[in-house]
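Let's take a walk through this structure and see how its parts meet. Have a look at it first, and then we'll start from a single pair of side chains.

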Amino acid sequence: MKILFTASEVYPLIKTGGLADVVGSLPNVLAEEGHEVRLLLPLYSGINVEEIHLNAGPVLGNPFGFGQMRLQVGHIPNSTVTLLLLDCPDLFSRDGGPYLQLDGSDYPDNHRRFAMLAWTGAVLSTYGNLIDWQPDIVHAHDWQTGLVPAYLKSWRQRVPKVVFTIHNLQYTGFFEAALYSELGLGEDMYDPEGLEYYGGFSMLKAGIQYSDAITTVSPTYTQEIQTEAYGCGFDGLLRSQQNKLTGILNGVDYDVWNPDTDPFIVANYNVHKLDDKQVNKHALRERCRLEPHNGLLFGIVSRLTTQKGLDLVLEAMPQFIDQGAQMVLLGSGDKSLEEAFLQFGQQYAGQVSIYIDYDEVFAHLIQAGVDCLLIPSRFEPCGLTQLFALKYGTLPIVRHTGGLADSVWENKENLPQTGFVFDQSVVEDLSEALSRALILYQDRESWRQIQQNAMRQDFTWEKAGKNYIQLYQSIANER
Ligand code: ADP
Ligand code: GLC
């Protein structure tokens, strides 16, 4: 099959979170299975074009008056997937990140930027002659590409079929009603049965309404978002679309995340050579200026947002630090959380190290060097860091939600323990999980057994890839 991916980030070119990891891995797995995949992405100024050897592609003109657009064609290093970059300097050559300005606020024209990305995806899949290639399936990801099926619908195109993956329902791509007229979609689609959402419009809702299949990134999240507590106002709509909704758990790219071959850690190790994990722990402690110690070292690698529940850590952790535990955090995001963690680090200097930063390489050393990774999320569509942690023999401490519930086991029938799981988003539950970890850590034999259980878990992309292929095939043949 021919599959066009449309997305707003991809590892290793441009990344703010797990979406980039998924878009960097899944197309390769599909290509290995013999499918032809192309990936459409904006040409942000943050992308290092030297690595991708771009050739000028077709000119798209300036149909909406937002800027001259053309395609540039290249390849991601170490990938056979063709990269189609939407080159529109007026929209994508900016100083900030993919979505936010340097001061942390949204770009005021995000509706235009991502409407043009989606419009281009729809044009490429309808007018295949532009790139001499006609996809059978468009696979769109998150609100930034939610308008792909809306454009196809408004042009009355039944082919190609569209799969829309929700990586995070909380980002709704909501804009005020007055901006709707800029999208080039008919008034008839500005309707509760269409894009209309609480008095404005939502690009995510467009993806839900008009695609042929909807997926989310774990089975549990698929159930959760059909409830009011997790549905972000879409639960009713999602329940009504149940028949086109499935959950496919993300995988891990073990070429990137494998302690046995990882070039970014101090000593490579595997399940048979687990003692060398300690070498990384010592190196991490030194780098983080933590006092020498032989107690448990907790780690966090995360975006700092309310989703991740890390405010609970600030409340729960002090008593355990007082008992000799230590902690390292690498993260960035909400200013108030950044400041609270910096203060926490100052208060417990020598026992707690805080890095407000985004550092792909350092993330690997933390995964290798800590004993436990904390992911107390309020909701977590899939989560990738717990999957990395398992492979590194780093026991995840997670809340029982979304993909965390589908990948980490403690007291789960017939499944060996691989981490620590707590129920409610409250300090007491997290504290109990932390104390279970500390108690178990005293029993080195049992700890090692659980590490081995964790390292033997297999979350390769191949399984997920097969599920996506099955889904593509089932809808490609629908009339
Ligand atoms: P989300 O996409 O919600 O942020 P995931 O667990 O799916 O959560 O993916 C997060 C990805 O971003 C992982 O690859 C993780 O290692 C990475 N990451 C998050 N914060 C940082 C950071 N501060 N530095 C380096 N990598 C980070
Ligand atoms: C989102 C979710 C995260 C998921 C990632 C990749 O960013 O927050 O849970 O792992 O997408 O699907």
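**Where two domains meet**

Start with Lys15 and Glu360, whose side chains form a salt bridge, 3.2 Å from N to O (that is, a side-chain nitrogen of Lys or Arg within 4 Å of a carboxyl oxygen of Asp or Glu). Keep in mind that this is a predicted model, where local features need pLDDT of at least 70, side-chain atom pairs count only at pLDDT 80 or more, and totals for chains, interfaces and linings use all residues. Residues are numbered from 1 along each chain as its sequence is written, and side-chain values use heavy atoms, with hydrogens and water left out.

Now zoom out. The protein splits into domain 1 (2-251 + 462-476) and domain 2 (274-458), with bounds that come from an automatic or database domain assignment. Their centres, taken over C-alpha atoms, lie 32 Å apart.

So how many residues touch? On the domain 1 side 20 residues are in contact with 19 of domain 2, contact meaning heavy atoms within 4.5 Å. Together the two domains bury about 1500 Å², 54% of it on carbon and sulfur atoms; buried area here is the accessible area (1.4 Å probe) that two parts lose on being put together, summed over both.

Across this interface, the rule finds one salt bridge. On the domain 1 side, helix H1 (18-32) and helix H6 (219-224) are the elements giving two or more residues (helices are DSSP runs of H or I, at least four residues, numbered from the N terminus). H6 gives the most, with four residues.

Key. Chains are lettered from A and ligands numbered from 1 in the order in which they are written.
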